[in-house]
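Subject: Structure handover

Hello,

Here is the structure I said I would pass on. My notes on it follow below.

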Amino acid sequence: MIKASLLVLAAIAVFFAETSLAQEHPTVERPDLKVGDSWTYQKINNWRGIVRGIVQDKYTLEVSATSGTEIHLARKSETSGAVATVTETPDLNTIRGISFTTGAAIQFSPDTETFAFPLRVGKTWKAKADYATGDHVGSYTLTTKVVGWETVKVQAGEFTALKITQDGYYKSTMGTMSGSGRMQETFWYAPAVDGVVKVMYKDTNWAGQPYNRFSAELLTYKIN
């Protein structure tokens with residue numbers, strides 16, 4: 001009985017804390033990124049619960065140039081030393097970059113549509129994009145929703161962040177074969193770091209079976 005009461009009190013405390021966060025931050029405008037801003041992430045293979053070694057398991061994104069229409073970032077693998085260029089819109093949506101699941105170069109058209117600033121709790125939108133990477137092409141449609149404010153603890157620290165979910169389906173073609181599967185992603189955007197502090201991703205293969213299971217979290221950051 002005592003344990004149940006404590007759980008109820010804890011749930012009430014979380015509710016009021018999240019309500020307070022929503023009142024303090026009614027909307028979040030897109031960040032004004034500057035040259036030299038950087039974020040270092042570690043990527044985890046959640047099938048094994050270990051750092052994945054097949055693709056970059058630790059990488060840094062650093063803003064190298066900005067314009068009115070594009071943001072350019074250098075993406076450096078801290079493991080291999082390989083450097084790639086990532087191009088984003090001012091709303092942080094990727095146009096050209098590195099696939100989160102395979103580590104290969106990927107091109108989106110028009111862009112990933114991951115973000116739709118300004119952000120506010122309850123906001124929803126459809127993220128639609130075509131993509132080309134490696135030996136296959138495809139498209140996806142995802143329902144994106146800003147769920148609410150949460151306190152998130154990662155290696156870089158503890159942050160007040162917006163929890164955003166994406167759920168939908170992809171279609172892909174590889175040579176003469178094609179198929180579709182489900183994609184689900186949850187990420188936490190923290191205004192204090194002008195970026196994402198945590199990501200959780202999963203999908204299915206063409207047969208509907210669980211396939212990729214990845215996560216990433218912020219290790220360090222520098223905002224000018």
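Is R96 buried, partly exposed or exposed? R96 counts as partly exposed, because its relative accessibility is 32%. Please keep in mind throughout that this is a predicted model.

Salt bridges

The whole structure holds five salt bridges. Three of the pairs are described here.

R96 is in one of them: its side chain meets that of E70, at 3.9 Å from N to O. The two residues come from distant parts of the chain, with R96 in strand 6 and E70 in the loop between strand 3 and strand 4, 26 residues apart. E70 also counts as partly exposed, because its relative accessibility is 21%. The cut-off for buried is under 20%.

A second salt bridge is formed by the side chains of R30 and D91, with an N to O distance of 3.3 Å. Here 61 residues separate the partners, which again belong to distant parts of the chain. R30 is in the loop between helix 1 (2–24) and strand 1, while D91 is in the loop between strand 5 (83–88) and strand 6 (94–98). R30 counts as partly exposed at 46% relative accessibility, whereas D91 counts as buried at 19%.

The third pair is E150 and K163, whose side chains meet at 4.0 Å, N to O. E150 lies in strand 9 (residues 136–154) and K163 in strand 10 (residues 157–174), so this salt bridge ties together parts that are 13 residues apart in sequence. E150 has a relative accessibility of 23% and therefore counts as partly exposed. K163, at 21%, is likewise classed as partly exposed.

D194, a buried acid without a partner

Which side chain of opposite charge is nearest to D194? That side chain belongs to K34, and it is 6.6 Å away. D194 has no salt bridge. A salt bridge needs a side-chain nitrogen of Lys or Arg within 4 Å of a carboxyl oxygen, so K34 at 6.6 Å does not qualify. D194 is classed as buried because its relative accessible area is 17%.

As for its surroundings, D194 is found in the loop between strand 11 and strand 12 (195–204). Leaving aside residues up to four places away in sequence, D194 touches P31, L33, W39, L92, Y189 and I223. The backbone at D194 is also worth a look: phi is positive, about 55°, although the residue is not a glycine.

The loop between strand 7 and strand 8

Several backbone features fall in this loop. The peptide bond from S109 to P110 is cis, with omega near 0°. P110 sits in the loop between strand 7 (105–109) and strand 8 (124–133). F117 and P118 are also joined by a cis peptide bond, with omega about 0°, and P118 lies in the loop between strand 7 and strand 8.

E113 is in the loop between strand 7 and strand 8 as well. Its phi is near 55°, which is a positive value in a residue other than glycine. E113 counts as partly exposed, because its relative accessibility is 25%.

Strand pairing

Strand 3 (residues 58–66) pairs with strand 1 (residues 38–45) in the antiparallel sense, over five bridges. In this pairing, S38 stands opposite E62 in strand 3.

How many bridges are there between strand 3 and strand 4? There are seven, and strand 3 and strand 4 (residues 71–77) pair in the antiparallel sense. A65 stands opposite H72 in strand 4. The connection from strand 3 to strand 4 is a hairpin through four residues. E70, the salt-bridge partner of R96, is in the loop between these two strands.

A nonpolar patch

Which residues make the nonpolar surface patch of about 280 Å²? They are M174, M177 and W206. M177 belongs to strand 11 (residues 177–190). With a relative accessibility of 47%, M177 counts as partly exposed. Residues in a patch must have over 30% relative accessible area, so M177 at 47% meets that cut-off.

Regards

Key
Residues numbered from 1 in each chain as written. Predicted model: local features only at pLDDT ≥ 70, side-chain atom pairs only at ≥ 80, totals over all residues. Heavy atoms only, no water. Patch = residues over 30% accessible without salt bridge, like charges linked within 9 Å, V, L, I, M, F, W, Y side chains within 5 Å. Areas by Shrake-Rupley, 256 points an atom, 1.4 Å probe, with all protein chains shown as cover. Buried < 20%, exposed > 50% of the residue type's maximum accessible area, 1.4 Å probe, protein only. Pairing = 2+ DSSP bridges. Lys, Arg positive; Asp, Glu negative; His and termini not counted. Contact = heavy atoms within 4.5 Å.
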